[in-house]
Amino acid sequence: MVSATITAPIAVAPAIRPSVKLPAWLEVAKPRLIPLLLATTLGGMALSSGDAPAASTIICTLVGGSLASAAAGVLNCLWEQDLDGRMQRTSRRALPSGRLAQRQAFALAIGLTILSVAVLVVGVNPLAASLSLLGLCSYVLLYTALLKPRTSQNIVVGGVAGAIPPLVGAAAATGSLGWASWWLFSLVMLWTPAHFWALALLLKDDYRSVGIPMLPVVKGVAVTTRAISHYAWATVGLSLLGIVALPTGGLLYGLMVLPFNARLLQLSSQLRSQPDEPQRAKAMFRWSIFYLFGICALLLLARLPQAALLGPQLFNVPFAALPTLVG
Ligand code: HEM
Ligand SMILES: CC(C)=CCC/C(C)=C/CC/C(C)=C/COP(=O)(O)OP(=O)(O)O
């Protein structure tokens with residue numbers, strides 16, 4: 001996970017988060033990513049009109065999604081164990097450090113994958129299971145194996161992996177993918193570059209040392225912070241569409257998303273004005289996580305009956321009435 005200190009060009013960057021030692025089999029599953037991936041899954045559910053899914057469906061979706069994300073994390077660690085062993089931030093991970101054998105990790109990944117598909121097929125529906133498998137494959141094959149080592153735009157396209165959980169949530173709730181779920185998919189896609197490139201600014205020497213063409217390595221910090229700012233503005237702009245994507249409570253969401261957006265733009269502007277300041281990059285990275293949690297929390301809050309009391313659904317764009325894209 002993010003190590004206790006990240007080496008920045010001029011000083012050792014303060015800890016993003018104190019590193020807590022996890023058991024090797026758990027560490028390779030990258031568990032710290034799962035809560036936010038599940039939050040976006042619930043966000044996808046919240047965008048579906050009608051009543052909330054049955055508790056059993058919600059539980060199976062979250063358990064199946066966690067197992068799939070864990071399997072994806074283990075496969076990513078297996079694929080990158082040599083690379084991880086050569087990078088300062090990841091060299092102490094379970095596989096490069098020998099605390100976990102390849103065979104054990106591979107068996108764990110296969111078991112988690114099979115279990116995730118079984119839970120989602122039996123407890124939810126085949127569309128949710130297929131999408132979850134697609135997310136796993138796009139993270140491991142599209143991002144990790146194909147794009148990450150080849151292009152500075154790796155996470156712009158590879159971000160599709162992390163944008164799939166909202167589709168899994170929508171599929172679990174309605175058995176189909178309405179336009180609103182594709183809105184949250186697109187929002188996570190646009191959110192990802194600002195999220196990761198802020199971190200990549202802190203890690204650029206590490207990535208340069210192993211030849212990974214992350215944007216700060218290939219194009220420098222000024223281009224990267226400008227790109228982060230552009231993606232932050234695009235994220236803010238698209239986030240406002242949630243007002244009409246929500247079947248109810250859009251007005252409450254629209255009001256409460258404003259401070260989250262203001263802070264995202266403030267931090268991206270500060271980072272752009274001080275591109276070499278590690279604290280600015282760290283603040284942007286950390287806020288990107290709180291921001292996406294916030295968006296998902298607001299989507300769920302907007303679906304509470306009380307939220308509808310704030311006023312009629314704005315513009316009344318019947319997203320739900322639009323033809324579904326899948327399912
Ligand atoms: C291809 C897209 C993405 C890339 C390249 C990326 C990259 C990273 C990296 C390198 C870290 C530090 C991990 C570590 O050192 O342990 C990180 C942390 C994190 N990422 Fe992303 N990320 C992506 C998408 C996402 C998505 C879609 C989510 C959730 C919806 C997410 C949530 C998080 C969280 C919660 C952390 C903090 C984990 C911790 O505290 O260790 N990321 N990300
Ligand atoms: C539905 C489903 C299962 C979707 C999968 C979503 C998923 C696991 C996204 C992970 C995104 C992420 C944190 C990538 C970092 O990989 P990295 O290799 O750049 O990070 P590292 O350098 O820390 O290993």
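**View 1. Meet L304, a leucine in a loop.** L304 sits in the loop that links α14 (278-302) and α15 (305-308). As in every view here, what you see is a predicted model. Is L304 buried or exposed, or something in between? Its relative accessibility is 41%, so L304 counts as partly exposed; that class lies between buried, under 20%, and exposed, over 50%.

**View 2. A nonpolar patch on the surface.** Staying with L304, we can now look at its companions: L240, L255, M256, L258 and L301 join L304 in a nonpolar surface patch. Together, these residues have about 480 Å² of accessible area. Which helix gives the patch its largest share? That is helix α13 (residues 250-273), which supplies 3 residues.

**View 3. The iron atom and its protein donor.** Here we move to ligand 1 and its iron atom, for which the protein provides a single donor. The donor is atom NE2 of H195, at 2.1 Å from the iron. To find H195 along the chain, look in helix α10, which covers residues 179-209.

**View 4. Stepping back to the whole protein.** With the close-ups done, here is their setting: a protein with 15 helices and 2 strands. Of its 327 residues, 53% are buried. What share of the contacts between residues at least 6 apart in sequence join residues at least 24 apart? The share is 75%. On the outside, the protein exposes about 13,800 Å², and 69% of that area comes from carbon and sulfur atoms.

Notes. Residues are numbered from 1 along each chain as its sequence is written. Chains are lettered from A and ligands numbered from 1 in the order in which they are written. This is a predicted model: local features need pLDDT of at least 70, side-chain atom pairs count only at pLDDT 80 or more; totals for chains, interfaces and linings use all residues. Side-chain values use heavy atoms; hydrogens and water are left out. Donors are N, O and S atoms within 2.8 Å of the metal (3.2 Å for Na, K and Ca); water is not among the atoms, so sites may look incomplete. Helices (H or I, at least four residues) and strands (E, at least two) are DSSP runs, numbered from the N terminus. Patches are made of residues with over 30% relative accessible area and no salt bridge: like charges are joined within 9 Å, nonpolar side chains (Val, Leu, Ile, Met, Phe, Trp, Tyr) within 5 Å. Accessible areas come from the Shrake-Rupley method with a 1.4 Å probe; for residues, only the protein chains shown count as cover. A salt bridge is a side-chain nitrogen of Lys or Arg within 4 Å of a carboxyl oxygen of Asp or Glu. Buried means under 20% relative accessible area, exposed over 50%, partly exposed in between (1.4 Å probe, protein chains only). Contact means heavy atoms within 4.5 Å.
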